[in-house]
Amino acid sequence: MPVQNAEIAAMFDQTAELLEIKGDNPFRSRAYRNAARVIERLPKSITTLLKAGEDLSELPGIGKDLAGKIATIVATQKFDVLDRLKRELPGDLGEIAALPGLGPKRVKLLYDRLGVHSLEDLRRAIRSGRLRKLRGFGAKSEEKLAAALAKPQAEKRFKLAEAEGEAEAMLAYLRSSAGLDQAVIAGSFRRRRDTVGDLDILVTARDGASVGERLTKYENVASVLAHGPTRTTVVLRSQLQVDLRVVPKPSYGAALLYFTGSKAHNIALRGIANDRGWKLNEYGLFADKRRIAGATEDEIYRKLGIAAIPPEMREDRGEIALAKTGKLPKLITLGDIRGDLHVHSNWSDGTAPIAEMAAAAQARDYAYIAITDHSHHVTVAHGLDAARLARQIDEIDRLNEKLEGFTVLKGAEVDILADGNLDFPDKVLSKLDFVVAAVHYKFDLSRKAQTERLIRAMDNRHVSIIAHPTGRLINEREPYELDMEAIIAAAAARGCHLELNADPDRLDLTDIHAHTAKAAGVKLAISTDAHSIGGLGNVRFGVDQARRAWLEAADVINAQPLSRLKKLLKR
DNA sequence: GCCGTTTTCGGCCCGACTGTTTTCAGTCG
């Protein structure tokens, strides 16, 4: 098994961690961390790149030295720098540094002075009263660390849709504060990541301190972690952390930029400011002490001489280079979507009749919808057999005769059997406008077998779209083992499309995979997999994810008019 | 360890809050 990108990234992260604890040059450890981020989001595996003879030092943040080290890791599965550091600083120092309030400096102090090599050592140091005697530690540190050690370290990220529910309720509460001007959720929530680790709220107000005060009294607050005049951090009962920041109005744009992130994007922007001899912080863009921009984000981007970058793209994945040359993609919007290509009715496990789903789609100003009920192998969903499918096709034909300016397409979500064969024979499939194929059973095949299974399904020319390609359910089920690089290449070669499932529990493909697919020339379908009328509304989550993947309307088949869509569905 | 239209040295993002200290280092985002 070749070394995965994620494994190399993890080695570099560990190396950075230990270098920090050791007290090595901080910029050296930063270089390892930067390289780890670059590697983990590469669209292709390092192994593939090396085989193709690519020069890894061409990658941003990776120079001659790290390129050589990566090649050695791939060849030997070992990283001598990390191995040496581990021998030098034995134990689980990474776990210790992950505790809140402990960073590299304090971990080193604990290691040197108290011989703390593990979480268990730390527990003992606390019990024996030695910790609080250490310079820089006291009763508070002891208490907080004891609490952190007592509860399991399940660092949870929240699904975007879950966070939205929390955010809306809290915003409504805060907006009733006296003197509140603006309140907006920034952070990864505004970048529309599939999951968020916390909520970052930015506020402008006449009396900022009182807004922070009000947040600490919110009924859903479980604990207050920090509370100052301009910044307050609380944890909600749901365990979602909330950071509130108050800034004066002329700084709103700068603060929004800063608080939206990503951190890596901000660092890159600050680098541009530095190059011009300016300084960028959350209060504005400054030449000496003079603020030259700050009220809006656009103003700051303009002053920096680059195009304004949409929040969804702010990940330092190459967007800044595009903005410098004015070549940012024109990201797809909700208004570009003309139909939904994965929808269930009450013929299988949906709740509404076909006519009602169609009417709801028309109400959304769509031009078409595809009914794609399950095939019979998916018995738990009352999958259709060939006879029922034939009757459903008749019903849709009759419905289409009555509809004007709107078309119901005849599809099916056909189960991909373990061997890659489909759950209907070609004779049945040929009666449909197109087929969505998906895996519903046997998630535990080997990576090789699972990949072959999906490619085999794509070999069938009736299959136009592979639905929820990795099968993941966020926070509930891991994606099945799959060589996505091979899947995308196979889809490109066959003119098959991949789904970006918009269900907020799935969001499958991920942003990175969707971006890779686009780069490979594969088009995507942003589909809701709706099982009810309300489910159609999830399309916005799919569009958010698509924007994170840099998709434009041209990359998305259901952003095309019906005539063009029909051509794209034919293979 | 990376990087470069102020290049091969000398930089590398920036500020708020906490705890412990008595003026600030460390952590965090």
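1. A good place to start is the middle of a sheet: Glu 413 stands opposite Val 436 in β14. Strand β13 (residues 407-415) and strand β14 (residues 435-438) run parallel as a pair, with three bridges between them. Two strands count as paired if DSSP finds at least two bridges between them. Helices (H or I, at least four residues) and strands (E, at least two) are DSSP runs, numbered from the N terminus.

2. Before going on, please keep in mind that this is a predicted model, where local features need pLDDT of at least 70, side-chain atom pairs count only at pLDDT 80 or more, and totals for chains, interfaces and linings use all residues. Residues are numbered from 1 along each chain as its sequence is written, chains are lettered from A and ligands numbered from 1 in the order in which they are written, and side-chain values use heavy atoms, with hydrogens and water left out.

3. The pair in point 1 belongs to an open sheet of seven strands, ordered β11-β12-β13-β14-β15-β16-β17 with parallel pairing. Its edges are β11 (339-343) and β17 (524-527); each has a single partner strand, so one side of each is left without a neighbour in the sheet. On average, neighbouring strands here are turned by 30° against each other, direction ignored. Angles run from 0 to 180 degrees between N-to-C directions, and axes are lines fitted to C-alpha atoms, for helices over the stretch in contact.

4. Helix α24 (residues 562-569) lies across this sheet, over β11, β12 (368-374), β13, β15 (463-466) and β16 (497-501), and runs at about 25° to β13. Contact here means heavy atoms within 4.5 Å.

5. There is also an open sheet of three strands, in the order β8-β9-β10, and its pairing is antiparallel. β8 and β10 (290-293) are the edge strands, each pairing on one side only. The twist from one strand to the next averages 40°. Three antiparallel bridges link β8 with strand β9 (residues 284-287), and Asn 281 has Gly 284 in β9 as its bridge partner. Helix α14 lies across β8 and β9, at about 150° to β8.

6. Now to the DNA. Which residues come closest to DNA strand B? They are Arg 30, Gly 101, Gly 103, Gly 138 and Arg 270, out of 49 residues that surround the strand. Of the atoms of DNA strand B that come within 4 Å of the protein, sugar and phosphate account for 74%. A residue is near a strand if one of its heavy atoms lies within 4 Å of it.

7. The surface near DNA strand B divides into 19 nonpolar, 14 polar and 16 charged residues. Here Ala, Val, Leu, Ile, Met, Phe, Trp, Tyr, Cys and Pro count as nonpolar, Asp, Glu, Lys and Arg as charged, and the others, Gly among them, as polar. Among the elements that each supply at least two of these residues are α2 (26-40), α4 (64-76), α7 (104-114) and α14 (263-275).

8. Three polar contacts to phosphate oxygens of DNA strand B are worth displaying. A polar backbone atom of Gly 63 is 2.7 Å from one, a polar side-chain atom of Lys 69 lies 2.7 Å from one, and a backbone N or O atom of Arg 106 lies 2.9 Å from one. A polar contact is a pair of N or O atoms within 3.5 Å; within protein, one must be able to donate a hydrogen and the other to accept it, and residues adjacent in sequence count only if both atoms are side-chain atoms.

9. Is Thr 451 buried or exposed? With a relative accessible area of 6%, Thr 451 is buried; buried means under 20%, exposed over 50% and partly exposed in between (1.4 Å probe, protein chains only). Thr 451 sits in helix α20 (residues 447-459), and its side chain reaches the backbone nitrogen of Asp 483 at 3.0 Å. Leaving aside residues up to four places away in sequence, Thr 451 touches Leu 482, Asp 483, Ala 486 and Ile 487.

10. Lastly, check the loop between β16 and α22, where Leu 507 is found. Phi of Leu 507 is positive, near 40°, in a residue other than glycine, and Leu 507 is buried at 2% relative accessibility. A cis peptide bond joins Asp 508 and Leu 509, with omega about 15°.
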